[in-house]
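Work through the exercises below with the sequence and the 3D structure at hand. Each task is followed by a solution in steps.

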Amino acid sequence: MTNNSILIDSHSHIYYRDYAGDFDAMLKRAEDAGVGAMLVVGTDIESSRESVELAEKYPHMYAAVGVHPHDAGRVTEQCYDVIRDLARSSAKVVAIGEIGLDFYRDHCPRDEQEKVFRRFLRLANELEMPVVIHDRDAHDLMLAILREERVHRGVLHCFSGDAAMAAQAVDMGLYISIPGTVTYPSNEALRDVVRSVGIDRLLVETDCPYLTPVPHRGKRNEPAYVRLAAEKVAETKGLSLEDVARITTKNCRDLFGIRLWDQSTKIAYMIRNSLYLNITNRCSNRCSFCAKFDDFTVKGHNLLLDGEPSFEEVMAAVGKPEGIDEVVFCGYGESLIRLDLVKQVATELKGRGYRIRINTDGQANLVHQRNILPELAGLVDSISVSLNAPDSDTYGRLCNTPFGAAGFEGVCDFIRTAREYIPQVVASAVTVPGVDIEACRRLAESLGVELRVREYSEVG
């Protein structure tokens, strides 16, 4: 089984007694089916605790903690505290859920469900965690609440809405999770949703022990059967199973931080005597000369991240290097987009005695809409800013800045202001054909810094 064929069951309830008699055999069947990880989702306080215990016991399990809307009437203030504590108790807890609205069975008054749902959404926001959402026959109110509570990270699990609802959810930044019901011959509506939603916003799940897919319908569901849902998604979208597995697994990484493979060599890499840190592949510009549009390899290092690393992952990748001249924030993305992480890592490494340098496109003040340079004072020894052009028109043409004319002026202001907070400030320019390097040098000097010239097509 290749990495590209590995699936994640993004929603399971394997703590139920249904699995007590063959738990180990069930896990082996999942492994044989290519299931590399599963999210075990709590529905009340007790099952949330069980989810965390399973996640702590098994490396390939992760937990979500919450209270299902059926039990909303039993939620007390203490319940919110318990869920908060469980969420903070382990790095293996990756979401708040399952929470939401269920107007089909109405086991709890609807106004009570809404009140509890909103409280859990606010708790997730407080903890900066995504949400796993249950929605049955409450589509309009569900979307309204998600908008009002400004929810942008989460998944509508076991999706039961139509394509129009899915489009609205995706526009809000949410994912759509497809269960085994997609295999039911009569469920053309869900297959229409699959056709309409981009694969980069889909997850697959079992919701086991419920909703068993064809051909096992009528029997207990289990994580191995997520492969059947993925196969039907692949068939419906005209993709291969490997495509669906690779992309939905990446989607789980992006949403929940579930990473199945060590990407430390992509985060921290050596060039000469410098240790480089690659913490994002996102950029504020789309420079026409950037090599990553052709290849993510720099000096033999593959820098295509599987997902943006956490502080703990960055520090694990750094380790305890010896004999290095400096640590450089410079990967295949603009590191200052993740300003808080840069400050956190730089604080730790500066405390260990390392010299810190940042290579940047100089757009951070525009991105964050404030002067971020005082926040780097005392943490950063040197900063290299990509100037790349002697004037606004050339800069706009080469760098495709999203800030228009303000982009070039923003870079110049950033260079000029950086001198107040950072000991060494350097401007850089790439020898792209047609760029007047001497004019760039004169501009850099007028800003009070020297210019470093980088050869076109020579990265790192």
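**Exercise 1.** Which residue in β3 is the bridge partner of Val 40?

*Solution.* The model is predicted, so local features need pLDDT of at least 70 and side-chain atom pairs count only at pLDDT 80 or more, while totals for chains, interfaces and linings use all residues. Residues are numbered from 1 along each chain as its sequence is written, and side-chain values use heavy atoms, with hydrogens and water left out.

Step 1. Locate the strands: β2 covers residues 35-41 and β3 covers residues 61-65. Helices (H or I, at least four residues) and strands (E, at least two) are DSSP runs, numbered from the N terminus.

Step 2. Check the pairing. Two strands pair if DSSP finds at least two bridges between them. β2 and β3 run parallel and are joined by four bridges.

Step 3. Read off the partner: Val 40 is bridged to Ala 63 in β3.

Step 4. Follow Ala 63 further: in β4, Val 93 stands opposite Ala 63. β3 and β4 (residues 93-102) pair in the parallel sense over three bridges.

**Exercise 2.** Describe the connections on either side of β2, and state how far β2 is enclosed.

*Solution.* Step 1. β1 (residues 7-12) is parallel to β2, with four bridges between them. One residue to find here is Asp 9, whose bridge partner in β2 is Met 38.

Step 2. From β1 the chain passes through α1 to β2 in a right-handed β-α-β crossover. Right-handed means that, with the strands pointing away from the viewer, the path from the first strand over the helix to the second runs clockwise.

Step 3. A right-handed β-α-β unit is also made by β2, helix α2 (residues 45-57) and β3.

Step 4. Residues are buried under 20% relative accessible area, exposed over 50% and partly exposed in between (1.4 Å probe, protein chains only). Six of the seven residues of β2 are buried, so the strand is largely enclosed by the rest of the structure.

**Exercise 3.** Give the strand order of the eight-stranded sheet and name its edges.

*Solution.* Step 1. The open sheet has the order β1-β2-β3-β4-β5-β6-β7-β8, with parallel pairing.

Step 2. β1 and β8 (202-204) each have a single partner strand, so they stand at the edges and one side of each lacks a neighbour in the sheet.

Step 3. From one strand to the next, the twist averages 30°. Axes are lines fitted to C-alpha atoms, for helices over the stretch in contact (heavy atoms within 4.5 Å); angles run from 0 to 180 degrees between N-to-C directions.

Step 4. Helix α3 (residues 77-88) lies across β3 and β4, at about 145° to β4.

**Exercise 4.** How far apart along the chain are the partners in the salt bridges of Lys 28 and Arg 259?

*Solution.* Step 1. Apply the rule: a side-chain nitrogen of Lys or Arg lies within 4 Å of a carboxyl oxygen of Asp or Glu. The count comes to 35 salt bridges.

Step 2. Lys 28 pairs with Asp 32, with closest N and O atoms 2.7 Å apart. The two are four residues apart in helix α1 (residues 23-32), so about one helical turn separates them. Lys 28 is partly exposed at 43% relative accessibility.

Step 3. Arg 259 pairs with Glu 313, again with closest N and O atoms 2.7 Å apart. This pair links distant parts of the chain, 54 residues apart: Arg 259 is in the loop between α9 (241-256) and α10 (264-267), and Glu 313 is in helix α11 (residues 311-318).

Step 4. Compare the burial classes: Arg 259 is buried at 17%, whereas Glu 313 is partly exposed at 24%.
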